[in-house]
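Colleague: Please take a close look at one part of this predicted model, the surroundings of the ligand. Which residues and elements make up the shell around the ligand, and where does the ligand sit?

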Amino acid sequence: MSLRKGVFHVIATPIGNLSDITQRAKEAFAEVDLLYAEDTRHTARLCSHLGVKPKLRSLHDHNEEGRITEVTDNLRAGLSVGLVSDAGTPLISDPGYRIVAACHAAGLPVSPVPGVSALTAALSVCGLPTDSFLFEGFLASRVGARQKALTELKFVSATLVFYESKHRIVESLADMQAIFGDRKICVARELTKTFETILHGTLSEVRLQIEQNPDAQKGEFVVVVTGAQVSVSEITAEAQSLLLELAADLPPRRAAQVVARHCGVPKKDLYNWLLEQKS
Ligand code: SAM
């Protein structure tokens, strides 16, 4: 490919397994005039693995604002400019949104070179409803702020996704169980790496497995938690029987949509209730 000039290319990189780099990302690394990286030493190692030597500049949370003029000037001068983070997709719990917003404001084109993210990798193996999810990124490290954030999420019916570090995985899971109750969860650890582990079950079951095994507390984590279940009492008996009858002839999503229009319960709650009846 010939990388378009004057465009800000947002390039995804692997989250562990280097073979997950895409063909387009490899080409972008080879062709870009200037590559902004969260940690230039880290990206230099990936470049040396790829056998390329792009011109690297740092762009992280502490200097992003100050880089805006430089990036937009380079784009106006017709350079092809790339952005990578240390791992996965830039802007997903990583720097970059301020620069992208500045490009939009200046009428400068932005283009993705999409690829891996721990977010979508974890969702793809979690076995929980993924038709609607809320990505919360990292919870606060302070206990009070973390518990407050979880309390605010208690009644969200979408599946919840969190990034977590080895320093807080045990405490965060304990807080989740105390606040959410014993919901189903999936903890995806070290995705795509040698010690990849996908634990699933109720919060109490998964917590036990992690707390009893120090090795299971190491590495990087994505925690996926089922959303709040609508109480069956909120779905009237009439709505339940209509839903079951329609589901005999229609796909579950469509049946839920029709009943939602009549009974005022959110479509997703009806859909989830229906799936529970079938499982
Ligand atoms: N931009 C990245 C992405 O697209 O996934 C995320 C960057 S964020 C600073 C780093 C966090 O992502 C880690 O603390 C962890 O929660 C999650 N993460 C990254 N790589 C992971 C992996 N291989 N397995 C599990 N979680 C991972």
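Modeller: The shell around the ligand in this predicted model is made up of 10 nonpolar, 4 polar and 5 charged residues. Of these 19 residues around the ligand, the ones that come nearest are D94, A118, Y163, L191 and F221.

Both domains take part. Domain 1 (8–116) and domain 2 (119–225) each supply at least three residues to the shell.

As for position, the largest pocket is where the ligand sits. Two elements, β7 (159–165) and β10 (220–225), give two or more residues each to the shell. Of the elements, β10 gives the most, with 3 residues.

The backbone also comes into play. At F221, one of the residues that come nearest, a backbone N or O atom lies 2.6 Å from an oxygen atom of the ligand. An oxygen atom of the ligand also has a backbone N or O atom of E164 at 3.2 Å. For I92, the partner is a nitrogen atom of the ligand, which lies 2.9 Å from a backbone N or O atom of that residue. On its own the ligand has 570 Å² of accessible area, and the protein covers 91% of that.

How values were computed: Residues are numbered from 1 along each chain as its sequence is written. This is a predicted model: local features need pLDDT of at least 70, side-chain atom pairs count only at pLDDT 80 or more; totals for chains, interfaces and linings use all residues. Side-chain values use heavy atoms; hydrogens and water are left out. A residue is near a molecule or strand if one of its heavy atoms lies within 4 Å of it. A polar contact is a pair of N or O atoms within 3.5 Å; within protein, one must be able to donate a hydrogen and the other to accept it, and residues adjacent in sequence count only if both atoms are side-chain atoms. Accessible areas come from the Shrake-Rupley method with a 1.4 Å probe; for residues, only the protein chains shown count as cover. On a 1 Å grid over the protein atoms alone, a cavity is a set of points where a 1.4 Å probe fits but cannot get out, and a pocket is an open set with protein on both sides within 12 Å along at least five of seven lines; lining residues have an atom within 4 Å of a point. A molecule sits in a cavity or pocket if more than half of its atoms lie within 2 Å of its grid points. Helices (H or I, at least four residues) and strands (E, at least two) are DSSP runs, numbered from the N terminus. Ala, Val, Leu, Ile, Met, Phe, Trp, Tyr, Cys and Pro count as nonpolar, Asp, Glu, Lys and Arg as charged, and the others, Gly among them, as polar. Domain bounds come from an automatic or database domain assignment.
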